[in-house]
Number of protein chains: 4
Amino acid sequence: MSKLPFASDYMEGAHPNIIRALTETNLMGTAGYGTDEITCEARRKVAKACGCPDADVFFLIGGTQTNATVIDGFLQGYEGVIAADTGHIALHEAGAIEFGGHKVLTVPHTLGKIEPDVLRSYLADHAADGNYDHMVIPGMLYISQPTEFGTLYSLKELQKLRSICDDYHLSFYLDGARLAYALSTPSNDVTIRDIARLCDVFYIGGTKCGAMIGEAVVIPQKGRIPHFFTTIKQHGALLAKGRILGIQFDTLFTDDLYFHLGDYAIKAADEIRAAIDKKGRRQQFVAPTNQIFLIIDNEELKTFGEKVAYSFWEKYDETHTVLRLATSWATTPENVQKLIDLL
Amino acid sequence: MSKLPFASDYMEGAHPNIIRALTETNLMGTAGYGTDEITCEARRKVAKACGCPDADVFFLIGGTQTNATVIDGFLQGYEGVIAADTGHIALHEAGAIEFGGHKVLTVPHTLGKIEPDVLRSYLADHAADGNYDHMVIPGMLYISQPTEFGTLYSLKELQKLRSICDDYHLSFYLDGARLAYALSTPSNDVTIRDIARLCDVFYIGGTKCGAMIGEAVVIPQKGRIPHFFTTIKQHGALLAKGRILGIQFDTLFTDDLYFHLGDYAIKAADEIRAAIDKKGRRQQFVAPTNQIFLIIDNEELKTFGEKVAYSFWEKYDETHTVLRLATSWATTPENVQKLIDLL
Amino acid sequence: MSKLPFASDYMEGAHPNIIRALTETNLMGTAGYGTDEITCEARRKVAKACGCPDADVFFLIGGTQTNATVIDGFLQGYEGVIAADTGHIALHEAGAIEFGGHKVLTVPHTLGKIEPDVLRSYLADHAADGNYDHMVIPGMLYISQPTEFGTLYSLKELQKLRSICDDYHLSFYLDGARLAYALSTPSNDVTIRDIARLCDVFYIGGTKCGAMIGEAVVIPQKGRIPHFFTTIKQHGALLAKGRILGIQFDTLFTDDLYFHLGDYAIKAADEIRAAIDKKGRRQQFVAPTNQIFLIIDNEELKTFGEKVAYSFWEKYDETHTVLRLATSWATTPENVQKLIDLL
Amino acid sequence: MSKLPFASDYMEGAHPNIIRALTETNLMGTAGYGTDEITCEARRKVAKACGCPDADVFFLIGGTQTNATVIDGFLQGYEGVIAADTGHIALHEAGAIEFGGHKVLTVPHTLGKIEPDVLRSYLADHAADGNYDHMVIPGMLYISQPTEFGTLYSLKELQKLRSICDDYHLSFYLDGARLAYALSTPSNDVTIRDIARLCDVFYIGGTKCGAMIGEAVVIPQKGRIPHFFTTIKQHGALLAKGRILGIQFDTLFTDDLYFHLGDYAIKAADEIRAAIDKKGRRQQFVAPTNQIFLIIDNEELKTFGEKVAYSFWEKYDETHTVLRLATSWATTPENVQKLIDLL
C-alpha cells in the first residue's frame with residue numbers, strides 16, 4: 001500500500017516497544033489465562049494509573065467483544081443499555097449486544113454525544129410511561145470518549161451523566177477505544193482518574209492506541225461483578241496465552257507510553273486541521289481528537305483517493321463528500337507533510 | 001518460572017518465524033478486518049494445504065470463541081450439537097455454546113472419543129422417541145482431533161462418523177486445537193485433506209501449535225454459510241487488525257512449518273513415553289500425541305512438582321495422582337532430557 | 001368495576017359461543033399438544049378462510065409470545081427485524097425479541113405505519129453503508145394491521161411493502177392482534193386473503209377479538225419453516241392442552257363469527273366517533289378502527305375518569321390529555337350510549 | 001375417542017367449578033395483566049395455603065414456560081441449573097433453558113430423583129476442579145415433586161437438599177407440575193408449607209391438576225426477584241387477560257379444591273395398582289403417585305391398546321413393553337373399573 005495511511009488508526013501493527021517486549025519474553029514459559037506475573041504487573045500498573053489501585057482489571061481482545069462482555073456482565077437479564085443512536089454498540093457491532101439478550105435503547109445524539117438533558121428527559125418519560133414494566137428496564141448508560149464523531153465530553157458533562165445514573169440506578173460505562181487520543185487533546189479537561197472516579201466500568205483501548213490487539217477493562221470497585229472471569233470465558237473472550245495482552249499493557253503503562261502515543265497522534269491531527277483552515281478548506285464539524293471530517297469535492301476526490309487512504313464518512317451534498325482521516329501513534333511527520341501538501 | 005515447562009502447550013509465545021514476520025510487517029499500513037493482502041494469501045495457503053482451494057477460510061482468535069461461533073453459525077435456532085461428555089464444549093467453555101442458545105447433547109466417551117456405534121445408537125433412540133419434537137434436534141456432530149485425552153480417530157472411524165452424519169442430516173465439525181500434533185503422530189492415518197473431505201467445517205489450531213494466537217476455520221464448501229463474516233462480528237470474534245492472524249497463518253503454512261512443528265513436539269513426547277516405559281513407570285492410558293498421562297505417587301509428586309510444571313489430571317487412587325505433561329513446538333531437547341532424568 | 005369499560009379490548013372473557021364450546025367439550029378426553037381432532041379442524045377452517053388450504057397453521061397463546069416465536073423462527077441468527085419505532089415489538093414487549101438474540105431495527109413511523117418510501121430509503125442506505133457486514137442484516141419486515149395507532153395499511157401500500165421485501169430478501173410478517181377490527185372497517189380495502197397472499201406469515205388475533213386467549217399463526221407456504229413445532233416448544237409456547245386454543249378458533253371460524261365480531265365493534269366505535277364530531281370534541285387523529293384517541297381537558301378528565309375506564313395515551317398540552325378508548329366484541333349498545341351521553 | 005383415557009393427566013378440560021367460574025365472570029370488565037381483583041384474591045389464597053402470606057405469587061401458563069422463566073429469573077448469566085439427567089428441563093423442553101443462555105447441568109438420577117449424596121459429591125467435585133472458573137457455575141437446583149417417574153422426595157431428603165443448596169449457594173426450585181398428586185399420596189410426608197419453607201421458588205401445577213391451563217409460581221420471600229413481572233413479559237409469558245389464570249387458581253384454592261382433586265386421582269391410581277398386584281401383573285417400579293408403569297406383553301398390547309389410551313414409556317425386553325398410565329382429577333370410577341377389568 002503506497003497510499004498515505006490515514007484511513008484509520010488500526011492500519012499498522014504495534015508500537016515498537018511492544019514488539020520488543022513480545023520478542024524478549026517469547027520463549028519464557030508462563031502460566032495461562034492471564035495468571036502470569038507479567039499480566040499481574042500490567043494490572044497493577046493500569047490500576048495505579050487510574051488512581052484506583054484496588055480496581056479489578058481484565059484484558060480483553062477487541063472492542064465489540066469487550067462491549068458485549070462488559071454490558072452482559074453488568075446487566076440483569078431484563079435490563080437494556082442506553083446509547084446514542086450513533087453509538088458503536090447501536091449500529092456497528094452486528095447485534096453483538098442483542099446476541100447476549102439485551103436491547104440497546106437509543107437516544108438522539110449531538111455530534112455523537114448524549115446530552116445530559118436529553119438523557120434525563122428520556123429516563124423521565126420512560127419512568128412515567130404507564131406501561132413501564134412492559135418495557136426493557138434501563139440498566140446502564142454507555143458512552144464513548146471520544147465519540148464516533150471524535151468529540152469529547154467535558155468533565156462537567158460526565159459529572160452530570162454520573163448524577164443522572166445515580167438518580168436512575170444505572171451503571172455508567174465508558175468505551176475508551178481511542179481513549180489515549182481523548183486524554184491528549186488540548187481542550188480536554190477529563191483525566192483518566194476522573195473517568196475511574198465517575199464510571200462503574202470503562203475500557204482503555206489498546207488496539208487503536210499502540211497495541212497490536214487488546215483492551216483493558218477497569219472496574220474501579222473491586223469485586224463489583226462476581227465471576228467476571230467466567231463471564232469472559234463464556235463470551236469466548238479469554239485468551240489461553242493471556243500474557244500476550246499483559247505484556248502489551250505492561251509496556252503501554254511503563255513510563256507513560258500510552259499517554260505519549262496520544263500526544264503524538266493529536267499533534268499530527270492538529271497540524272492537519274491547521275492546514276485545512278489555512279487553505280480555506282472545510283470540515284463538516286470540528287472534532288478535536290485524532291479524527292478529521294473533511295469535506296471534499298467529488299471530482300477532486302478521484303485524484304485525492306489515489307494518493308490517500310481515507311474512510312468514506314457520508315455524502316455531504318450532490319457534489320461533495322465527507323471523508324474521515326485519522327492519525328495515530330504510527331503517523332509519521334513525513335506523511336503528515338505529504339497530506340498537507342495535497343490539501 | 002524455572003520449573004521445566006510441561007504444564008501445557010500454550011506456555012510460550014510464538015514460533016520465532018512468526019515473531020519475525022510480525023516484526024517485519026509491523027509498520028506497514030494495511031486494510032482492516034482481514035481484508036489485507038497478507039491475510040488473503042494466508043487463506044489461499046491454508047485452503048491449498050487442505051486440498052480444497054475454493055474453501056472459505058476465516059481466522060479467529062481462540063478455541064472457545066471459534067467453537068461458539070462455528071456452532072452457532074451452522075445450527076438453526078432449534079438445533080443442538082452432539083459432543084462427547086468429556087468434550088471441551090461440554091465441560092470447559094463456561095457455557096459458551098448455551099450462551100448462543102444451543103444445547104450440547106452429550107454421548108458417553110471412550111478415552112475422549114465418540115465411538116461410531118455409540119453415536120448411531122444415540123441417534124436412533126432419539127429419532128424413535130415418542131417426544132421427538134419436544135426435544136432439541138441434533139444438528140451437528142462435534143469431535144476433536146486429538147481429543148481431550150490425546151487420543152486419535154482413525155480414518156475408518158471418521159468415515160463411519162461421516163456416514164452417520166449423512167444419515168441423520170448432521171453437520172460434521174472437527175475441533176483441531178492441537179491438529180498439528182495429531183497429524184504428526186506415527187500411528188495417525190488421517191491427513192488434513194481427509195479431514196477437509198469428510199468434515200463440513202473444522203479448525204486448524206494455531207494457539208497451541210506455534211502461533212501467538214489464532215485458529216483457522218475451514219469450510220471446504222465455499223459459500224456454505226451465508227454472512228459468516230457478520231456472525232463472526234456478532235460473536236465479538238472479528239479483529240480490527242485481522243492481519244495479525246493472517247501473518248501468523250501465512251507463516252505457519254509457508255514451507256510446511258505447521259507440520260514440522262507437530263513432528264517436533266511428537267518426537268519429544270515419544271522420547272518421554274519411551275523413558276516412562278523403560279523406567280517401569282505407568283501411564284493411565286497411552287495417548288499417542290503430545291500429551292502424556294503419568295501416574296505418580298503422591299509423596300513423590302511433592303518433590304517432582306517443585307521441579308516440573310505439570311497439569312493435575314485427576315486422582316488415581318488414595319496414594320497416586322494422574323498428571324498431564326504436554327510437549328509442544330517450544331519444548332527443548334534439554335528440557336526433555338531433564339524431565340527424563342527426573343523420572 | 002362499575003366504570004364504563006372502554007379501557008381496552010381485553011377486559012372481558014370470551015364470546016359466549018366459545019364459553020359454550022369449552023363447556024360442551026370439557027370432559028372429552030383428547031390427545032395433547034394440538035394433535036386432537038378439534039384443533040385439526042380449526043386449522044382447516046382458518047386456512048380455508050385465508051384462501052390457502054395448504055397453509056401451516058399454529059395456535060399460540062398471546063401476542064408477545066407469538067411475535068417472539070415467529071420472528072425467531074423465521075430469522076437466521078445474524079438477522080434482525082425491521083419495525084416502526086412505535087411498533088409493539090420495538091417498545092412494549094420487554095425486549096422479548098432481543099431475548100431471542102435479534103435486534104429490532106426501527107424506522108420512523110407515520111401514525112404507526114411504515115411508509116413504503118421510508119422503508120425503501122432505509123434499506124438502500126443500509127445496503128450502501130461501507131460497514132454493511134458489520135451491521136445487523138435485515139431479514140424480516142414486521143408491521144401490524146391495524147397499527148398501534150389504530151390506522152390501516154391500504155392494499156396498495158401492502159403491495160408496495162411486499163415488493164420491497166422481494167427486492168431485499170425480507171420475510172414479510174403482519175401482526176394481526178386486532179385483525180378482526182381492521183377487516184371490518186368501512187374504509188379498509190384489504191381482505192384476509194390479500195394478507196395471506198402478500199405475507200410470508202401473519203397472525204390472526206384471538207385475545208383481543210373474541211377469544212379468551214389465543215392467536216392463530218398462518219404460514220401460507222406449507223413447510224416453509226422446518227421444525228416450527230419444536231421452536232414453539234423451545235419458546236415455552238406449546239400448550240399441553242392445545243385443544244383449548246383449537247376449540248376457540250374452531251368457534252371463531254364457524255359461521256364467520258370472527259368477522260361478525262369485528263363488524264360489531266367497529267359499528268360501536270363509529271357511533272362514538274360520530275358523537276365526538278357532532279359534539280365538537282376533538283380526536284388527536286382519526287383512527288378508523290376500534291380505537292379512538294380523544295383529546296380531553298384535564299379538569300374534565302377528573303370527573304370523566306370516575307365514570308369511564310380508559311387508557312392514558314399521552315399528554316396533549318399543559319391543559320389537555322389524549323385518552324384511548326377501545327370498543328370490542330363485548331361492547332354493549334347501552335354502554336356506547338352512556339359513553340356518548342358523557343361526551 | 002372411545003378409548004379409556006389413561007394416556008396422561010391433561011386429556012380433559014378443567015374441573016367443572018372452574019368452567020362455572022369462567023362462565024359466571026365472563027362478561028365482567030376487569031383490568032389486564034393480572035392486576036384485577038380476582039387475580040389478587042387468588043394470589044392471597046395461594047400464599048395463605050402455602051403458609052407464607054407475604055409471598056410473591058405469579059400465574060403463568062404452562063410448565064416449560066414456567067421453568068424457563070423462573071430459571072432465567074433466578075440465575076445470573078454465567079450460572080447453570082442442576083437437574084437429574086431425566087429431568088423435564090434436561091430432556092423434554094426442546095432446549096428452552098438453553099434458549100435463555102443457561103446450561104442444564106445433569107446428575108445421575110435414581111428413579112427420577114436426585115439423591116442428596118449424589119448431589120453433594122457432584123458439587124464437591126465441581127468446586128475442586130482446577131478449571132472451576134472455566135466451567136458453568138451452578139446457581140440453582142431443580143427437582144420435581146413428583147418426579148418424571150412418579151416418585152416422591154421425603155421431607156428428610158428435601159431438608160438434606162436444602163442444606164446442600166445452602167452450602168453451595170444454590171437457589172432451590174421445585175417443579176410441582178403434578179403437585180396435587182404428590183400431596184395426596186398416602187406415603188408422602190411433605191406438606192405444601194414444607195415446600196414453601198424449604199424452597200426459594202416452586203410452582204403449583206394447574207394444567208395437570210384441574211385447571212384448564214395455568215401454573216402458580218410461589219416465591220416465599222417477597223421481593224426476592226426484582227422486576228420479575230418484566231421478566232415474565234420478556235419471556236412471552238404474560239397474559240393480557242391475566243384473570244383467566246386468576247379465576248382458575250381462585251377456584252382451585254377455594255374450599256381446598258386443589259387438594260381434594262389430588263385425593264381423588266390418587267385413590268383411583270391406588271385401586272389400579274392394587275388390581276395389578278392382585279392379578280399378578282408387574283410394574284417396572286412402584287411409583288406411589290398418579291402414574292403407573294405397567295409391564296405388558298407385546299402381543300397383549302395390541303388388543304389392550306385398542307381399548308386404552310396409554311403412553312409408551314420404554315421397551316422392557318424383546319417381548320415386553322412398559323406403558324405409563326395416568327389418573328387425574330377427571331378419571332371416573334367407571335373408567336377405573338373398566339381398566340381393572342381389562343388387566
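Visitor: With which side chain does the side chain of B:His235 make a polar contact?

Guide: In this predicted model, B:His235 has its place in the loop between α10 (228-234) and α11 (243-252) of chain B. Leaving aside neighbours within four places in sequence, the residues in contact with B:His235 include A:Phe99, A:His235 and B:Asp72. The polar contact of the B:His235 side chain, at 2.9 Å, is made with the side chain of B:Asp72.

Visitor: Does B:His235 count as buried or exposed?

Guide: The word buried is used for a relative accessible area under 20%, and exposed for one over 50%. B:His235 has a relative accessibility of 10%, and therefore this residue counts as buried.

Visitor: Which parts of chain B, and how far apart in sequence, does the pair of B:Arg178 and B:Asp9 tie together?

Guide: B:Arg178 and B:Asp9 form a salt bridge, in which the closest N and O atoms are 2.5 Å apart. B:Arg178 lies in the loop between β6 (171-176) and α8 (179-184) of chain B, while B:Asp9 lies in the loop between β1 (4-5) and α1 (16-24) of chain B, so the parts that this pair ties together are 169 residues apart in sequence.

Visitor: What relative accessible area does B:Asp9 have?

Guide: Its partner in the salt bridge, B:Arg178, counts as buried at 8% relative accessibility. B:Asp9 is buried as well, and its relative accessible area is 1%.

Visitor: How many salt bridges does the rule find across the interface of domain 1 of chain A and domain 2 of chain A?

Guide: Chain A is divided into domain 1 (4-10 + 261-342) and domain 2 (16-256). By these bounds A:Asp9 falls in domain 1 and A:Arg178 in domain 2, and the side chains of A:Arg178 and A:Asp9 meet in a salt bridge at 2.5 Å, N to O. Across this interface, the number of salt bridges that the rule finds is one.

Visitor: What is the area buried between domain 1 of chain A and domain 2 of chain A?

Guide: The C-alpha centres of the two domains lie 27 Å apart, and 19 residues of domain 1 of chain A are in contact with 22 residues of domain 2 of chain A. Carbon and sulfur atoms give 63% of the area buried between these domains, which is about 1500 Å².

Visitor: Is A:Arg120 buried or partly exposed?

Guide: A:Arg120 forms a salt bridge with A:Asp167, with the closest N and O atoms 3.1 Å apart. Here A:Arg120 is in helix α6 (residues 116-128) and A:Asp167 in helix α7 (residues 155-168) of chain A. Because its relative accessibility is 33%, A:Arg120 counts as partly exposed.

Conventions: Residues are numbered from 1 along each chain as its sequence is written. Chains are lettered from A and ligands numbered from 1 in the order in which they are written. This is a predicted model: local features need pLDDT of at least 70, side-chain atom pairs count only at pLDDT 80 or more; totals for chains, interfaces and linings use all residues. Side-chain values use heavy atoms; hydrogens and water are left out. Domain bounds come from an automatic or database domain assignment. Contact means heavy atoms within 4.5 Å. Buried area is the accessible area (1.4 Å probe) that two parts lose on being put together, summed over both. A salt bridge is a side-chain nitrogen of Lys or Arg within 4 Å of a carboxyl oxygen of Asp or Glu. Helices (H or I, at least four residues) and strands (E, at least two) are DSSP runs, numbered from the N terminus. Buried means under 20% relative accessible area, exposed over 50%, partly exposed in between (1.4 Å probe, protein chains only). A polar contact is a pair of N or O atoms within 3.5 Å; within protein, one must be able to donate a hydrogen and the other to accept it, and residues adjacent in sequence count only if both atoms are side-chain atoms.
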